[in-house]
Each structure stands twice: as structure tokens, then as C-alpha cells.
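Here's a quick look at how a pair of helices and a sheet fit together. Have the structure open while you read.

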Amino acid sequence: MKGGIGGSLPAKRRWKGFVIAVLGLVLLSLLVPLVFLLGLHNGFHSSGFSTAQQSSSASGVRVYSRHSTAKNGSQSEGDESKHMDDLMRRLEPTFSKDIRENFVGEAENKTAGSPLLDGLPKERPRANSTGAAAMHAATENIKGIDGSPMLDGLPKERSRANQSTSVGAMHAATGNIKGIDEGEKLCELKFGSYCLWRRNHKEKVNDFTVRKMKDLLYVARAYYPSIAKLPALDKLSQEMKQNIQEFERVLSVTTIDKDLPPLIDQKLTKMEAVIAQAKACRVDCSNVDKKFRQLVDLTEDEATFHMRQSAFLYQLAVQTMPKSHHCLSMRLTVEYFRDPSPDIDQSLAERHLNPDLHHFVIFSNNVLASSAVINSTVMHAKESESQVFHVVTDRQNYFAMKLWFSRNKYMEATVEVLNIEDVKLDNNKASTSIHLSLPDEYRVSFHKVDKPSTTEYLSVFSHSHYLLPKIFHSLKKVVVLDDDVIVQRDLSDLWGIDMDGKVNGAVQSCSVRLVQLRKLFGSKRVDETSCAWMSGLNVVDLVRWRERDISGRYLKLVKEMNSEEAVTLRASLLTFQGEVYALDDKWVLSGLGHKYGVDSETVKNARVLHFNGKMKPWLELGIHDYTVFWRKFVDPENQFLSDCNIN
């Protein structure tokens, strides 16, 4: 008996295990269809509607960093495309955080709406491109949804751009494109200049048959589950399954008609016949309807994913250093250590410190861009012998810069290359490591209920610019140039401007006043008459800068900022409040890095061209109509450029 009882126990256990396994499979078979019906299998939910809803909500300030594909802070948005969001966030820091504050008072009254601020560090990575990405001072008009303010900050890779404020200017900026629907406006609001680039580079392709195949496949997938449930229609369901698989195979490797396999017309006819038979059968319409809705959701999710992916790839392209530019920097560095340049003679060293000469300062990590700026400036100078250029770079590009500017002459001008990481601060301690940062650019959109909305691109000084008094302690006045500008006229008149006691001479953008953005400044007092200003071309009085401790004021504001969002913009605008001398708008034409449709004569006659925006002139993504004005200041016969295939 004992043996019999003992022998039955393992069998019972096996039986119980089998029952548990069967129950588990049954439960799993119920859960899997439920997951698909509820759409939980796909983490990419369409973001277009949530974007519209948030934009149409009460006035508020949203701050996004870098590039342009900003994530909305809502819960529904949190479910979408998390992996892509992570990539975008890395490319454009602090991409999607919202400051949900109501925008009230005079700011609303004056703008009939509020601005939307997307923060992207000035697109600069590109050729180290920060100038990368990146991923953003011209103005850009987008038909608005409401009155909420949004701010995009792009590291100058600059995300640079300046677009026009009028409706007519907007049409020019977007090219002669008709019928831009609300979806396109939302695209531009969310992804910035990527949408402009996409519309202007959209190719016409012959894909009529491919699209017809996709439509038929869509309908066949909707009917197939219902047909497959009917035993009497096994032959039809099998035939439909074969057609679906065949279409899926063809469409997985084909996007245009010319790539379609032969006899595709026969396959289309066969699929149409199968679908006609399916429609003639009596099936549960509610099931077909549910399947159609599921396919619609999946299609929207897929479209959203590809949109986000395309925007990410665009950001990657504009914010990373092109291979040819990386080659140039590396070759120059290697050549420098093979044949170090001779030490600078004493006469040139004295010119670097002589306050009576015209000193220009360029913060850059791009050899070619810096060279183009200097070359264009000296070629249009009446007296180039009075010009001294100080190129401030980082250790990575320092030796490449040294070799380049020692072997290339710029008429009678003098060029000095400085490594910002060697700057010693007066803090009674050992030299602290300082990293180069390039001008930051932000996109500010004003949404108005009853009027066309406008978008402004503002570029401001970076942290490195506030070291100017310490780096050039012997100088009294300097002109600061961004490395994405081209000079087309003599700049000597800038040294004779009486700035009425102001510290910074800059082109202002009074379509954006500080009072309109006062919610960004918290409890800080804002002058209602103060306008936002632009970097690119700035006349800086270093004597008054030191007297008024502009650098200390800026560092104090940065320390007090509670949020990382758009900190450079907020601190810079407050620091120079009341300290900006407005230069004539004719000095600088901005927005050539993102704005399409600017008249060629206008570009040709401008004194200074500012390629602020993502589409820098040294990138393949640059706007061709404007890049010709930049390329003529680059020597195509240079051996280093030829070796690195820089065209």
C-alpha cells in the first residue's frame, strides 16, 4: 500500500503541473488579443492631437531644449516613442519640460497672445557643428493656435535663425508652397526648421501603383479576420492570406513604381477580385469596423514614428561634425606636430595688445567657418593693417587653428589663436578648466487667436562671452563676430559709433520685448521698453563692462535661476537690460540658416550676412541660394581642403 501510494504522488504532481500549464496558455491566449485590441502593443501614439490640445490650452510658457522636436509634458505624450525621445533628448538637452504658468498682464495685452519658447543650444555642432545640433535670430511666421508661449533653445549649431514677422515674409521663408494645412503648421511648431527643409526638398516620385497596393492591403487586412472565422470560406481566406503575404513582401522592399516586380498588374487584379468576394460575404460589420479602427491607429502611430525619426536624423545631420571637416581638423593637428609653426614675433604680440587697433573676437571650433569670417572681413576693409582678429577655441581644435592661420595670410591683418582652456581666472586659485561654449539660439513663437502667429529666432551670448574682460584685459573695445557670419562691407564705422554709455551695441528684435517674456524671469523686474537683442555682430565696450561688472551680474543671475530651461537666454536678456545700444537693422541680415525665399538682391546688398539657423552654409543641408555667398571666401584649391574632399 505504501508503495502504491508513494508511486501515485509523482503522477498527481505531473497532472497538476499540466493543468496549470494549460490554464496559463488559455489565459495568455485571452490576454494577447486584448492587448492588440486596446492598442497597447505599440508604444508610439500619435502626438499631433495632444500637441494641438496643449497648444490651445490656457496661455503658458513651455521651454524645450535643443532642436526642435519638443516633447510635450502631458501624460499621453509620455507614452510615445520613448526610445526616440531619449535619442532626441541627448541630441538637444532638456528637450521637453514644460513650465506650466499662466501668462497674464501686459504681456498678453501687447501680444494678443503669448510666446512659446523652445530651447535648443545654438545649433552648433556641426562642423563641430555647433555650428550639431542639435538639433535654432530671424523670424518665422506660423499660423497660430492660441496664445501660449513656447521657447526652443538650440545650442548654436546652431539653431540659428531669424525669420520675418509679417505674413508675407513667412510665405517667402517657406518658399512658394501652397496649401500648408494645420498639420504642417503643427509640424513647424514642434520640429522647427526641419519642416521647412522637408517641404522645400520634397521630391516628386511616381508611386501611384505602390499607394494603390497599400490601400488594397489595408482593406484586405481589415476583412481577413472576419473571413477566416467562417469555415465555409476556407478557400477564400486562404487565397486572401496568400495575397496579403505577397503584397507585404513586395511593399517591404519597394517604395516607387519603377522598382515593382513584373506582372504586378495581375497581382493587383487578383487582390481586387479577392476583396470583392470578401465584401460580398455576410460578415459581422462591427468586427470589420473594429479592425479598420485598429489599422487606422497603427497607421497613425507609424506615421508619427517616421516623422519623429526623420526629424531626429535631420537634427543629427545638422548637429554633428561632417566627416570632411573632422578630417580637416585632424590633418591640420597632425601637420602641426610634424612641423610646429615658429613662435610669433614680438611685433605681432604687441599688436594683439594694442588698444588703438580694431580688434575682432570670434568664438569658434570650426576652422573653415572662422577663416571665412576673417577672409570676408579683410577683403572688404579699407585698411586691413589696423585689424586684429582673436579666434578663441578649445584645446581639441587649438593646434589645427594655429597651423591654419599661420600658413594662410589675410592681407595685412593679424590673427591670434587662443585656447580658452588656458585662461586663468582671478580667483587666487589654480587655473580652473573652462570649456568653450558657442552662442545660444532660441525660438520664440507668439500664438494669437485672431491674427497670424509669428516665430522669432533669438541668438544670445554664451557663457564663454562673459570672459571677454578677463581674456582681453588690455583692450577697451572689441567687435564680437559669430563664426556663421559673412561680412560684405567695411566695418570700420563701428569703431566710431557713440553708444551713449551703453555696453553692448547689437541689432535688436523689438518684435520680442522682455515684458512679453516676463513669466520666464520670475520675480525679476523687467523694463517694458527693453527689446530682445541678437548676437552675430556686437560692439562691446569693455571699459564700461568692467565698471558695471556685467560678468558678475550674469553669473549671479545664472546661480539664482531655479530651472535649467533657457537659462542662457533669461540671464543674458536680464544682464543687458538697459545696457544695449540698438544698431541700425541694416547692419545685419539674419535668418539665412533657416529662412527660404529671401531676395538675392537683398542678400547681395546686406552689410553682414548671418547664417543663424540649422542649415549652415558649410553643410550639405545649407540653403543653396545663400551658400554661394559663403563659399566664395573659401579657397577650393587649398591642399588640405582637397585632401579632405571639402567642396
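What follows walks through the sheet, then the helices that pack on it. Keep in mind that this is a predicted model.

Start with the sheet: seven strands make up an open, mixed sheet, in the order S10-S9-S8-S13-S18-S15-S19. Its edges are strand S10 (414–419) and strand S19 (580–582), each pairing on one side only. On average, neighbouring strands are turned by 25° against each other, direction ignored.

Within that sheet, strand S13 (residues 477–481) and strand S18 (residues 537–541) run antiparallel and pair over five bridges. If you want a spot to zoom in on, Val480 sits opposite Asn538 in S18.

Now for the helices. H15 lies across strand S8 (358–363), strand S9 (387–393), S10 and S13, while H16 packs on the sheet and touches S9 and S10.

How do H15 and H16 meet each other? Helix H15 (residues 367–379) and helix H16 (residues 395–407) have axes that come within 10 Å, and H15 passes H16 in a right-handed crossing. On the H15 side, the contact uses Val367, Leu368, Ser370, Ser371 and Ile374; H16 brings Ala400, Met401, Trp404 and Phe405. Sorted by class, that contact holds seven nonpolar residues, two polar ones and no charged ones.

Here are the angles side by side:

| Pair | Angle |
|---|---|
| H15 and H16 | roughly 35° |
| H15 and S9 | about 170° |
| H16 and S10 | about 165° |

Conventions. Residues numbered from 1 in each chain as written. Predicted model: local features only at pLDDT ≥ 70, side-chain atom pairs only at ≥ 80, totals over all residues. Heavy atoms only, no water. Axes fitted to C-alpha atoms, helices over the stretch in contact; angles between N-to-C directions. Helix = DSSP H or I, 4+ residues; strand = E, 2+ residues; numbered from the N terminus. Left-handed = near helix turned anticlockwise from the far one by under 90°. Contact = heavy atoms within 4.5 Å. Nonpolar A, V, L, I, M, F, W, Y, C, P; charged D, E, K, R; others polar. Pairing = 2+ DSSP bridges.
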